[in-house]
Amino acid sequence: MEQNKNTTRYATSVLPSGLRTIHLPSDSPVVYLGYQIAAGSRNEQPDEEGLAHFCEHMTFKGTEHRSAWNILNCLESVGGSLNAYTTKECTVFYAAVPAEYVRKATDLLTDIVFHSVYPQKEINKEVEVICDEIESYNDSPADLIYDDFENVIFKGHPLGHNILGTSARVRAFTTGDALRFTRKFYKPENAVFFMYGGKRLPSIPIDASYKAVPNLPESSVSSTVFDNVSKTSTDNIIVREKDTHQAHVMIGCRSFSGSDAQLRERMSLYLLNNILGGRGMNARLNVVLREHRGLVYTVESTMVTYGDTGLWCTYLGCDEKDVKRCLRLVHRELDKFRDTPLTQHQLEAAKKQIRGQLTVDCDNRENYALDFGSVYLFHNKTRELSTMFRDIDAVSAEDIQRIAQTIFDPDKMTTLIYR
C-alpha cells in the first residue's frame, strides 16, 4: 500500500487495485464511510439518459453474495443507515454506523459497489419507484427549473440533460444495461473510499475479491470540453407556460471550472456569490427583494462547478405580476458589483462571514465526509479549511469587480421563466 505522508490530518493511500482511500480519524461514536465513483449522468450515451441514476437505485437490489433484503437489513439492524445519490459527475454510496460496525459497513459497501448483479425481477419492481421519483420531481417547479436551466445553458452537451431521465427511458432499461454501465465505470481505479471517524481505516477486501472485466472501454468524461465563460445561450429570455401558483425565474450563465488554473476566479465568484445571494439572511438579494419589499419568499444565487466548466445562477419565486420588477431589482444589484468595487470594510465583513459559515459547516460531519471524499476523487488532494481560508483571504475587491464584469455581463445572461 502506497501511503501519502504529506498530510497531517488525513491518511490517504492507493491500493494495488488503483482504489484511492482517504480517512479522517475522529473520536466520535459515529462513522461516515463510503465509495465515490467518477461516473454520473454526463457519462451516459445519448440513448442512456437516466442510466447512472437507475444503476444507483439498482445497486442495492442484490449481489453475488447478498439478496436485496440482506442489503436492506444489514446496517439498519444495528442502527446504521445506507444511502446513495447521483450527480452529473459522480455516484456516491455511503453509510453512517456506530463505530463498532465499521467492518460490517465496509464489507457491505464493497460488495454492492463491485458485485451487484442487477436482477431483472428486482428491476421490474424498482423501476416504478424511480418513475414515481421522476414524476414527483416534475411536480416541483422550484426544483425542476434548475435542471431545465442547465439543459438550456449546456444544450447539446451531456451536461445538458437531467440526472433522472424520463419514465419511458427508465422503463426500457434492463440488467444488461446496468451491467454494461457499471462494469465500465464502477472500477477501483475510478473510485475513492472515504471514511470520517474511527482510529484507523479497515482493510478493504477489494484487491482480493474484485474481478476485472476485460475488453471494456476506459471510463472517461465527455470529450466535449468547455474552456471558458464566453459562450452564450442562443435565447436570452425563455418563457415556459407551467400553470404554477407562482412564477419561477432563473437568471445566469456559464462560469468557472474546478481546475486549479481557475482557482482565483472561482474563489472570487464564491465570495461574490455569498454576498449577493448566499444562505445568510443578510444576502443582498434577500434584503432587497424580501426584507425591504416583500416580493419573494425565496431568492438565492448558486454556483455549480464541474471539471471543465461551471454555472452561476439566481433563482426566485414571485407573483407573476411582479416578475419584471424582480428582474429589474436583480439586475440593479448585479450592476452595482460591476460598476463599484467593494470597500475594504465590506470585503472584510464578507470574508469574516464566509469563514464562519465554513467553520460551522465542518460540524456537519456527514456533509463534511461527502465533501472531502469528492475533493479527493476529482482533485486528488485533501480538503483543508486553512487552505480555503488562505484562498479567500487572497481575494481582493478588484478581483470581485473583475469577476462581476465577466459573469454579470448582460450579453451572456440567460433568463428562464416558468409562469
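Before I come to a loop, let me say that helices here are DSSP runs of type H or I with at least four residues, numbered from the N terminus. The structure we are looking at is a predicted model, and I would like to walk through two single residues and two pairs of helices.

Let me begin with Thr-63, which you will find in the loop between H1 and helix H2, the latter spanning 68–76. Is Thr-63 buried or exposed? Its relative accessibility is 8%, and because buried means under 20%, Thr-63 counts as buried. If we then look at what its side chain does, we see that one of its polar atoms lies 3.0 Å from the backbone nitrogen of His-65, and that a polar contact of 2.8 Å links the side chain of Thr-63 with that of Asp-111. Leaving aside residues up to four places away in sequence, Thr-63 touches Ile-71, Asp-111, Ile-112, His-115, Ser-116 and Val-117.

From that loop we can step back to H1 itself, which covers residues 51–58, and ask how it sits against helix H4, residues 120–138. The two axes come within 10 Å of each other and cross at roughly 125°, which means that H1 is oblique to H4. The crossing of H1 and H4 is right-handed. On the H1 side the contact is formed by His-53, Phe-54, His-57 and Met-58, and these meet Glu-122, Ile-123, Glu-126, Ile-130 and Glu-133 of H4. Sorted by character, the residues of this contact between H1 and H4 are four nonpolar, two polar and three charged.

The second pair is helix H9, residues 263–277, with helix H15, residues 397–407, and here the axes are 9 Å apart and the packing angle is about 90°. H9 is therefore roughly perpendicular to H15. Which residues of H9 and H15 meet? From H9 come Arg-264, Glu-265, Ser-268, Leu-269, Leu-271 and Leu-272, while H15 brings Asp-399, Ile-400, Arg-402, Ile-403, Ala-404 and Ile-407. In the contact of H9 with H15 there are seven nonpolar residues, one polar residue and four charged ones.

I will finish with Asp-148, which is placed in helix H5, residues 141–153. Although aspartate is counted among the charged residues, Asp-148 has a relative accessibility of 13% and so counts as buried. Once residues up to four places away in sequence are set aside, Asp-148 touches Arg-240, Leu-416 and Tyr-418.

Technical notes
Residues numbered from 1 in each chain as written. Predicted model: local features only at pLDDT ≥ 70, side-chain atom pairs only at ≥ 80, totals over all residues. Heavy atoms only, no water. Axes fitted to C-alpha atoms, helices over the stretch in contact; angles between N-to-C directions. Helix = DSSP H or I, 4+ residues; strand = E, 2+ residues; numbered from the N terminus. Parallel < 35°, antiparallel > 145°, perpendicular 65-115°, else oblique. Contact = heavy atoms within 4.5 Å. Left-handed = near helix turned anticlockwise from the far one by under 90°. Buried < 20%, exposed > 50% of the residue type's maximum accessible area, 1.4 Å probe, protein only. Polar contact = N/O pair within 3.5 Å; in protein donor to acceptor, adjacent residues only side chain to side chain.
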